[in-house]
Structure formats: structure tokens, C-alpha cells
Amino acid sequence: MQSIRRTFYKYVSTNVIGMIGISCYILADTFFVSKALGALGLAALNFSISIYSLLNGFGLMIGIGGATEFSIHRYEDKSTATCTAFTHALRLGGVLAVVFLATAVFGSESLARALGANGPTLDLTVTYLRTILSFSPFFLLNNILLAFVRNDHSPRLSMAAMLISSLSNIILDYIFMFPMGMGMFGAAFATGLSPVISLGILSLHFIGKKQGFHICPCKTQLNQVQRITSLGFSAFITELASAISLITFNLLILGIAGNIGVAAYGIIANVALIATAVFVGISQGLQPLASRYYGNRDMDSLRLVLRYSLETTAILSVVVVLVTYLLAQPIVSIFNSGQDGTLATLAEKGVHLYFPGYLFAGLSIVSTAFLSSATKTKEAMMVSLLRSCLLLVPIAFMFSRLFDMNGIWFSFPFTEALVAVLVGYFLWKLIGSSKLSKKQKKRERTV
């Protein structure tokens with residue numbers, strides 16, 4: 001029997017690598033846009049990227065929520081419920097796809113203006129938004145299938161789909177933007193094709209073996225929809241936190257430092273996507289195991305999953321902070337193709353003040369996933385809401401008034417530090433402060 005530690009790191013490593021791969025194609029967009037379109041292109045991309053986070057958040061909510069429901073019922077030997085979970089997830093994704101497609105056709109310009117795009121950046125922002133939203137059905141379906149395939153004992157296939165699609169996006173980015181000269185549309189089109197490629201790879205899961213899930217005829221049950229969304233809500237809020245902070249920071253920075261300030265934040269926000277992806281990868285890796293052990297009422301194994309999750313998160317948090325602090329100047333210079341001195345100064349200062357927040361953000365991201373997997377959705381939701389808007393937004397407004405740009409950068413780590421205290425309490429409450437049981441101690445010695 002595989003040890004819990006080995007199984008945990010198998011799931012986590014594949015998901016972290018896969019999530020970094022996904023975030024790298026957004027980073028590739030940033031790099032190629034900065035080379036082709038300069039600071040205005042960077043600003044337009046940063047106005048747009050919050051909607052990508054929102055779209056990704058809905059996909060993760062349905063995928064992780066549905067897959068968690070699938071896993072819990074699977075280990076409770078409720079085969080019919082596992083199929084209805086998948087069917088309901090697809091239906092919910094279809095409804096949201098219609099909403100995003102309608103926004104692409106009728107609301108792209110209004111949405112761009114609401115996000116802060118103005119004269120010099122409006123057309124570029126509209127182009128990116130309209131293209132990305134047109135591919136929304138593929139983004140949503142890809143997130144759903146990634147989660148279900150991962151929970152159906154195929155984490156390596158999910159990782160392969162994420163990595164290959166991300167590499168394809170980077171190659172297509174270059175081809176569309178430079179040899180073909182397609183500009184901002186080329187960057188968005190390459191990103192939109194990425195989930196299509198991923199879905200092609202994930203389809204291999206349905207060839208030559210019996211799957212644990214499939215589409216089945218069933219009536220839509222509101223309680224099933226509610227359960228899926230509640231189980232995946234913390235994943236959605238994690239992405240919503242990113243979107244809300246992007247929008248809030250963009251609008252505040254636009255008033256203080258103009259489009260150059262927004263471009264500087266664009267560099268920070270896109271590098272932050274990779275940092276966030278590391279901890280989302282840990283979250284997605286622990287979710288199938290935590291759901292399984294919670295479904296089996298195996299609290300000893302559940303404690304071990306939490307322990308390994310927190311240890312991994314702590315190590316990687318320190319790595320993220322050290323790398324970004326020590327390499328701030330070269331990181332910024334990669335995206336500052338015009339060698340703009342103001343842009344470089346703003347962005348480098350921002351990196352030094354913003355990224356220490358990941359010492360605490362990693363804990364919150366991973367812990368909310370763990371709480372949701374153990375069906376503690378109210379606690380996970382509270383943590384996520386505090387991170388995304390209830391604390392971050394008012395603190396950002398207050399600090400920007402007091403300290404200008406430095407206050408905006410520092411509002412993120414300050415908020416995350418406050419939320420981390422609550423996270424620690426929720427985890428202690430769930431797992432308890434009692435000593436390990438004899439069964440757990442025995443398992444520890446065999447791991």
C-alpha cells in the first residue's frame with residue numbers, strides 16, 4: 001500500500017507543475033505584449049486579466065466542487081451520485097458559458113471601460129476581452145474535466161494536459177504576434193486555443209478503460225447545484241480575490257500614477273499569478289486525498305494530509321519571497337522592453353513590498369481548499385471573502401490615501417497577515433489540539 005506521504009506528493013507535484021504551466025502562458029502573453037505593444041499594451045492586458053481570473057474562478061468552482069462531490073460519494077459507494085455530480089457540473093458550466101458569450105458579443109466595450117481602460121488602452125482591452133470571452137465554453141469545460149480526471153486517479157494526465165496546452169500557447173503567442181503580426185488579438189487567440197488543446201489531451205481518459213464518471217440522464221436538482229458550488233466556492237473566491245485586487249489596484253493606481261503605474265502593476269500581477277499557481281496546485285493536489293479521507297471518516301489520515309500541506313506551503317512560501325526579492329530588477333527588466341525608468345522604479349519597489357504577502361497568502365489558499373474538502377464551506381468562504389474584498393479593498397483604499405503607491409503595494413501583505421490568524425483558528429478547531437492517536441503514530445512510522 002502506498003504511503004500517504006508518497007501519494008500526497010504525487011498529487012501535489014503534478015498539480016503544482018501543471019498550474020505553473022497554466023500561469024506561464026499568461027506570463028508569456030505579458031512578455032510578448034510588452035515586446036510588441038510596450039507599456040500601453042501591458043496596461044491593457046492588466047485591465048483584461050481580471051476577467052480571465054473570474055472566468056478561471058468559475059471553472060475551478062464547478063470543477064473542484066463537482067469533483068469533490070464525486071470523490072466523497074465514490075468512497076461512500078454511491079455510484080449514481082458520482083454520475084449526477086458530473087452531469088450537474090456540465091450543466092452549470094453550460095449556463096455560465098452562455099452568460100460569458102453574451103458578454104463577449106454585447107458588453108465587451110462597457111466592461112473594458114468599467115475596468116478602467118481609457119482612450120490609449122480602450123481598443124486593445126476590448127480586443128483581448130472579446131476574444132477571451134468567446135472561448136469561455138472551452139475554459140469552463142477544461143477546468144471541469146481537469147478536476148474530474150484528476151479525481152479519477154489520473155493526476156498525471158491532468159498535468160500533461162496543462163503543460164502541453166501551456167507550451168502550445170507560448171509557441172502560438174510568438175507566431176501570432178510576430179511573424180503574423182496579429183497584435184493583441186493574436187495574444188488573446190493563442191490563450192483561447194490553449195484549453196481546446198488541453199481538452200484534446202484529456203479525451204484520452206475516455207479511451208480503453210472504465211471511468212468513474214460519465215453523463216447520465218437525471219433531473220436538475222437545485223440542492224445538488226448548491227452543494228457543488230458551495231464545495232468549490234473557496235476555489236472561486238481565491239480567483240475572485242485576485243480579480244478584485246486587480247480591479248481595485250488598477251483603479252487606485254490609475255489615479256496616482258496613470259497608465260505607467262498600471263503597467264508596473266501589470267508586471268507584478270502577472271508574476272503573482274505564478275506564485276498563486278504554486279499554492280493553487282497544492283490545493284488541487286490535496287483535495288482528492290482530503291475528500292477521500294473525510295468521506296471515509298479517516299481523521300488520522302486527514303491530519304497527515306494537512307500536515308504535509310502546511311509543511312510544503314511554508315517551504316514554498318519562503319522560496320517565492322526570496323526569489324522575487326532577490327531577482328526584482330531582472331524580473332522587471334524582462335517586461336520593460338522600452339527601458340522606461342519610471343516603470344522600472346515603480347515595479348521594483350512594488351515587488352519588494354507586495355510579495356512578502358505570500359508568506360501568509362499561501363497558507364490561506366491551501367487552508368481554504370482543505371476546509372472545503374472537509375465540507376467546512378462556511379469557514380472557507382469567510383476566509384476567502386476577507387482576503388478578496390471585506391478586508392483587502394478598504395485597507396487598499398486607506399493605505400493609498402496615507403502612503404500613495406507604497407500603501408497600495410503593502411495592503412496585500414497586511415491583509416494576508418490578518419487573515420492568517422483566523423485561518424490558524426479554523427484549522428485548530430477542525431483538527432483539534434489533541435495528541436496523535438496510536439493509529440496515527442503507527443502510520444507516521446511507516447511513512
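This is a short walk through one helix and the two largest cavities of a predicted model.

Let's begin with helix α4, which covers residues 119-134. At 1.5 Å a residue, its 16 residues should span 22 Å, and the C-alpha atoms at its ends lie 24 Å apart, so the expected and modelled lengths agree. Much of what you meet along α4 is hidden from the surface: T121, L122, T125, V126, Y128, L129, T131, I132 and L133 are buried. It helps to recall that an α-helix has 3.6 residues a turn, so residues three or four places apart point the same way.

Now for the empty space inside. Rolling a probe the size of a water molecule over the atoms shows where such space is left. Here the structure holds 4 cavities of 30 Å³ or more. The largest cavity contains about 380 Å³ of space. It is lined by 29 residues, and E239, S242, A272, L273 and T276 come closest to its centre. Helices α1 (4-75), α8 (222-295), α12 (358-373) and α14 (392-431) each give this lining at least two residues, with α8 providing the largest share, 14 residues. By class, the lining has 18 nonpolar, 8 polar and 3 charged residues.

The second largest cavity has a volume of about 150 Å³. Among its 17 lining residues, I64, S234, A235, S283 and A369 are the closest to the centre. Two or more residues come from each of α1, α8 and α12, and α8 again gives the most, with 9 residues. This second lining is made up of 7 nonpolar, 9 polar and 1 charged residues.

Notes
Residues are numbered from 1 along each chain as its sequence is written. This is a predicted model: local features need pLDDT of at least 70, side-chain atom pairs count only at pLDDT 80 or more; totals for chains, interfaces and linings use all residues. Side-chain values use heavy atoms; hydrogens and water are left out. Helices (H or I, at least four residues) and strands (E, at least two) are DSSP runs, numbered from the N terminus. The expected span of a helix is 1.5 Å times one less than its number of residues. Buried means under 20% relative accessible area, exposed over 50%, partly exposed in between (1.4 Å probe, protein chains only). On a 1 Å grid over the protein atoms alone, a cavity is a set of points where a 1.4 Å probe fits but cannot get out, and a pocket is an open set with protein on both sides within 12 Å along at least five of seven lines; lining residues have an atom within 4 Å of a point. Grid points are joined across faces, edges and corners, and a volume is the space filled by probe spheres set on the points. Ala, Val, Leu, Ile, Met, Phe, Trp, Tyr, Cys and Pro count as nonpolar, Asp, Glu, Lys and Arg as charged, and the others, Gly among them, as polar.
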